[in-house]
Each structure stands twice: as C-alpha cells, then as structure tokens.
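Here are a few exercises to work through with the model open beside you. Try each task before you read its solution.

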Amino acid sequence: MELLWLTFDLIGTIAFAISGTLVGIGKRMDIFGMTVLALATAIGGGIMRDVIVGNIPPNSFKSGLYVSLVLGTVFIMFFIYRMRHNRYIATRWVRRVYLGSDTVGLASFTVTGTSIGVTMYPELPVLAVTLGLLTAVGGGVIRDVLAQRVPSVLREEVYALPAIIGGIVYYYLYTAGYWEIASYSAFMVVLVIRTLAIYYNWSLPRIR
C-alpha cells in the first residue's frame, strides 16, 4: 500500500512540476520563476492536506526527494524548450504538454489525497473526498495566483468535478476492501473524465 501510494505521489509531483514550469514559460519567467511555480504546483496541495490532518512537517519536507524531483524536472523542461524553442513556438506543443501533465497530476493527487483521508478517518467520507480534491487542485490554485491568472479550477472545462468523482470512487472501493483496485479505478476515472472534458470542451453551467 505504501509503495503504491508513493508511486502515485511521485507521478503527480513530476506531472505538476511540468505544468508549473510550462506556465512559467508561457509567462516568460526566468528559471527561478519557473522553479517557484513548479514547486507551488507540485507540493502546494500536499502541504495544505498535511497541515489539515496534522502531519507536521509535511511529507514534502521530510526528505529532499520531492524538491529534487521538481528541480530536476524544471531544468529538463527548461533546456528542452530552449533547444526546441524556434521549432515549436508557433505550435500547440506547450498547450498539449501542459494539459496532459496537469491531467495526470490531477488524477494522481486525487488518489493520494483521498487515500490519506480514508486511512486516517475512514468514518468521514466527506473529509476523505475533500482531502483528495484539495491535494489535486490546491497547488494549481497557488500557481495560478502567483502567475496572475484566474485559477484553472474556476475557469477551465470540467476540472474539480473529476477529482470529486474520483475521490468518491476511491472511498467506496477502499471501504469495501478493494484498496488496490480503488487506486487504479479512481486514477482512471479522473483521467478519462478530464480528458473527455478537454476534448469535447465540456463545462459546467455558467452565465453567458
């Protein structure tokens, strides 16, 4: 269980580090600015989750693994984009990679956040789903505020809803005894719903 949780947590960290770096590229920030956005995106939601459940210091600070992963991801993305800048500047390459990494991060962190809630407070389903949602979207909100953008969770296609649905799926499968299936099922539910929302431009009702 711990190995599975760590796997999803590392996948989400790398994916969100990529999306944070690409937002920095889109804002024409220097490498320090990209690093700040990447760190905020990758570990911001997890820090808020850990503070809520009383896990102090947060997991992200208990070892250098997470920060090292983020830093490595930033430098790799920076040099890839520098080398391919002229070729891809007029294409949708950055947008596609951003949406793909953001979707994977959303799905991975929904699993890790909800699993902590279910493990610590199995009798509180609302808390478990909320922790999954907060872990999944919290870092992105911090990133967008720092980048002076309206947070994605408030303006994009269906974004938070997949995390909520994924958290519910995880909770009920886990409490039914299918903890391993719960992780993969919740991940796929979030991934599929979010991908379809992007492809078909699904959105929640709004004032036109």
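**Exercise 1: a threonine side chain**

In this predicted model, a polar atom of the Thr110 side chain sits 2.7 Å from the backbone oxygen of Leu106. Work out which helix holds Thr110, whether Thr110 is buried or exposed, and what Thr110 touches further along the chain.

*Solution.*
- Start with the location: Thr110 belongs to helix 4, which covers residues 93-120.
- Next, accessibility. The cut-off for buried is under 20% relative accessible area. Thr110 comes out at 0%, so it counts as buried.
- Finally, skip the neighbours within four places in sequence; the contacts of Thr110 are then Gly132, Ala136, Ala163, Gly166, Gly167 and Val190.

**Exercise 2: how two helices cross**

Take helix 1 (residues 2-26) and helix 2 (residues 31-53) and describe how their axes cross, then list who makes the contact.

*Solution.*
- The two axes come within 7 Å, crossing at roughly 140°.
- Angles over 145 degrees would count as roughly antiparallel. Helix 1 and helix 2 are therefore classed as oblique to each other.
- As for handedness, helix 1 and helix 2 make a right-handed crossing.
- On the helix 1 side, the contact uses Trp5, Thr13, Phe16, Ala17, Ser19, Gly20, Thr21, Val23, Gly24 and Ile25. Helix 2 supplies Met34, Leu37, Ala38, Thr41, Ala42 and Arg49.
- Sorted by class, that contact has 9 nonpolar, 6 polar and 1 charged residues.

**Exercise 3: the other pair**

Do the same job for helix 5 (residues 125-146) and helix 7 (residues 160-175).

*Solution.*
- Helix 5 and helix 7 have axes 9 Å apart and pack at about 140°.
- That makes helix 5 and helix 7 oblique to each other too, and their crossing is right-handed.
- From helix 5 come Pro125, Ala128, Val129, Leu133 and Ala136; they meet Ala160, Ala163, Ile164, Gly167, Ile168 and Tyr171 of helix 7.
- The class tally for helix 5 with helix 7 is 10 nonpolar, 1 polar and no charged residues.

**Exercise 4: an arginine and a glycine in helix 5**

Is Arg143 buried or exposed, and which side chain does Arg143 join through a polar contact? Then check Gly138 for burial and contacts.

*Solution.*
- Arg143 is in helix 5 and has a relative accessible area of 0%, so call it buried.
- Its side chain makes a polar contact of 3.3 Å with the side chain of Ser19.
- Leave out residues up to four places away, and Arg143 touches Ser19, Gly20, Val23, Leu37, Ala40, Thr41, Tyr98, Asp102, Arg149 and Ser152.
- Gly138 is also in helix 5, and at 4% relative accessible area Gly138 is buried.
- With the same kind of exclusion, Gly138 touches Gly45, Met48 and Leu133.
- For a distance check, the C-alpha atoms of Gly138 and Trp93 are 25 Å apart, with their positions 45 residues apart along the chain.

**Exercise 5: an isoleucine in helix 2**

Is Ile52 buried or exposed, and which residues are its contacts beyond four places in sequence?

*Solution.*
- Ile52 is placed in helix 2.
- The cut-off for exposed is over 50%; Ile52 has 52% relative accessible area, so Ile52 is exposed.
- Ile52 is in contact with Leu131 and Leu134 once its neighbours within four places are set aside.
- One last distance: Ile52 and Gly72 are 20 residues apart along the chain, and their C-alpha atoms are separated by 29 Å.

Key:
Residues numbered from 1 in each chain as written. Predicted model: local features only at pLDDT ≥ 70, side-chain atom pairs only at ≥ 80, totals over all residues. Heavy atoms only, no water. Helix = DSSP H or I, 4+ residues; strand = E, 2+ residues; numbered from the N terminus. Buried < 20%, exposed > 50% of the residue type's maximum accessible area, 1.4 Å probe, protein only. Polar contact = N/O pair within 3.5 Å; in protein donor to acceptor, adjacent residues only side chain to side chain. Contact = heavy atoms within 4.5 Å. Axes fitted to C-alpha atoms, helices over the stretch in contact; angles between N-to-C directions. Parallel < 35°, antiparallel > 145°, perpendicular 65-115°, else oblique. Left-handed = near helix turned anticlockwise from the far one by under 90°. Nonpolar A, V, L, I, M, F, W, Y, C, P; charged D, E, K, R; others polar.
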